[in-house]
Amino acid sequence: MNKIGFVFPGQGVQYVGMGKDFYEEFSIAREMMNLASRETGLDIPALCFEENSLLSVTEYTQAALLAVSVGILKVLEEMGIKADIHAGLSLGEYGALTASGALTPEVAFGLVRKRGIYMQEAVPIGGAMAAVLGVEAGLVEKICAQTEGMVSVANYNCPGQIVITGEEGAVFRAGEALKSAGARRIAPLNVSGPFHSPMLFRAGERLEEALKEVEIHPIQIPYITNVTAEPVTDASVVKELLKKQVSSPVLWQQSMERMIAQGVDTFIEIGPGKTLTGFLRKINRNVKTLNVAKTQDLERVRRECL
């Protein structure tokens, strides 16, 4: 019997039209997206399905992407496909928390709407992020530490892919130093700020205030937190971890390695794109990777997992 892990993507995978086939074909997906509209005050179907310039703006992206992912999650659960453990990259951690039972969909949608606003408003002028390809994490850490200005690791995605974040000038200088040290490529990211940087500490503080009004339910199925790459089963630590997550590095590769060490051999990526599937193939090619972004993907998952 497969040991299944559900993984949920973060910002950057969104596209106009995402989730439309689920919305049209499955009442539970439609219900989740309409619920997200009520909880956020946004027209989520219009945001996801109609051409617009807002879908890539953080304060809108987060709610829209989570609504699509939770809708797909609920379809899988209705099919009888459930996971033994969950994880999500950055924003995707809220999908993992919903799947784990710690957050109701209503609360998750409301929280990510606030999180997106807080992150957008906390963004200082001159922040940037860049993907560093082809060098080891230790070298990236060393060069960031030696670079003038504020620059640090934002994401440990997979072997050979690290994301750096911080002040625009410092990110540029670190990138140049990394190219000289052998990096294959430095790819600036089209993002609106230095996410997962200490520069966003204030956004975490504001989120902490919002979390005081939220009930965290007992965790039914463990999830792996980005902050420590460790399984979480104690609901009492969730709020502090979510506060820290905004300005802490995302330990994604370490999280996947931890899930594999716990026996997960089948990963199902829930939401638009195949980004996490690509990372997993670089982390460990021996695990089975599936993704559910379109309704047509359901048949393979049913065949492989039921």
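1. Two strands are taken as paired here if DSSP finds at least two bridges between them. By that criterion strand 3 and strand 5 are partners, for seven bridges join them and the two strands run antiparallel. One position of this pairing can be picked out on the structure, since Gly127 stands opposite Glu167 in strand 5. The model under discussion is predicted, and the remarks below should be read with that in mind.

2. For a reader who is new to the structure, the overall dimensions are a useful place to begin. The chain has 306 residues, for which a compact globule would have a radius of gyration near 19 Å, and the chain has 18 Å, which agrees with that expectation. Taken along the principal axes, the C-alpha atoms fill a box of roughly 55 × 45 × 40 Å. The secondary structure comes to 13 helices and ten strands.

3. Burial and contacts add to this picture of the whole chain. Buried residues make up 58% of the 306 residues, while the accessible surface comes to about 12700 Å², of which 47% belongs to carbon and sulfur atoms. Among contacts between residues at least 6 apart in sequence, 73% join residues at least 24 apart.

4. Two sheets deserve separate descriptions, beginning with the one that contains the pair named in the opening point. Four strands form this open sheet in the order 4-5-3-6, and the pairing is antiparallel. Strand 4 (151-158) and strand 6 (185-188) stand at the edges with a single partner strand each, so one side of each is left without a neighbour in the sheet. From one strand to the next, the twist averages 25 degrees.

5. The pairing of strand 4 with strand 5 can be followed residue by residue. Six bridges join strand 4 to strand 5 (residues 161-167), and these strands run antiparallel. Val151 stands opposite Gly166 in strand 5, Ser152 stands opposite Thr165, and Asn155 has Val163 as its bridge partner. The hairpin formed by strand 4 and strand 5 has two residues between the strands, and in this hairpin Gly160 takes a positive phi near 85 degrees.

6. Two helices pack on this sheet, and their directions can be compared with those of individual strands. Helix 8 (residues 168-180) touches strand 3 (127-133), strand 4, strand 5 and strand 6, and its direction makes about 145 degrees with that of strand 5. Helix 12 (residues 275-283) also packs on the sheet, where it touches strand 4 and strand 5, and its direction makes about 80 degrees with that of strand 4.

7. Is strand 4, which stands at an edge of the sheet, largely buried or largely exposed? Seven of its eight residues are buried, so strand 4 is largely enclosed by the rest of the structure, even though one of its sides has no neighbour in the sheet. For strand 5, six of the seven residues are buried, so this strand too is largely enclosed by the rest of the structure.

8. The other sheet is built from six strands, which form an open sheet in the order 8-7-2-1-9-10 with mixed pairing. Strand 8 (231-232) and strand 10 (288-292) stand at its edges, each with a single partner strand, so one side of each is left without a neighbour in the sheet. Within this sheet, strand 1 (residues 4-8) and strand 9 (residues 266-270) pair in the parallel sense over four bridges, and the bridge partner of Ile4 in strand 9 is Thr266.

9. Helices also lie across strands of the six-stranded sheet. Helix 5 lies across strand 1, strand 2 and strand 7 (223-224), running at about 155 degrees to strand 2. Helix 13 (residues 298-305) lies across strand 1, strand 9 and strand 10, and runs at about 145 degrees to strand 10.

10. Ser90 offers a view of a loop position, as this residue lies between strand 2 (85-88) and helix 5 (93-100). Ser90 has a relative accessible area of 11% and is therefore buried, the cut-off being under 20%. Leaving aside its neighbours within four places in sequence, Ser90 is in contact with Arg115, His196, Asn226, Gln245 and Val250.

11. A final point concerns the cysteines, for which a search of the whole structure finds zero disulfides. The sulfur of Cys144 is 17 Å from the closest cysteine sulfur, which belongs to Cys158, and this is too far for a bond. Cys144 is buried, with a relative accessible area of 5%, and Cys48, at 0% relative accessibility, also counts as buried.

Methods
Residues are numbered from 1 along each chain as its sequence is written. This is a predicted model: local features need pLDDT of at least 70, side-chain atom pairs count only at pLDDT 80 or more; totals for chains, interfaces and linings use all residues. Side-chain values use heavy atoms; hydrogens and water are left out. Axes are lines fitted to C-alpha atoms, for helices over the stretch in contact, and angles run from 0 to 180 degrees between N-to-C directions. Contact means heavy atoms within 4.5 Å. Buried means under 20% relative accessible area, exposed over 50%, partly exposed in between (1.4 Å probe, protein chains only). A disulfide is a pair of cysteine sulfur atoms within 2.5 Å. The radius of gyration is taken over C-alpha atoms; the globule rule is 2.2 Å times the number of residues to the power 0.38. Accessible areas come from the Shrake-Rupley method with a 1.4 Å probe; for residues, only the protein chains shown count as cover.
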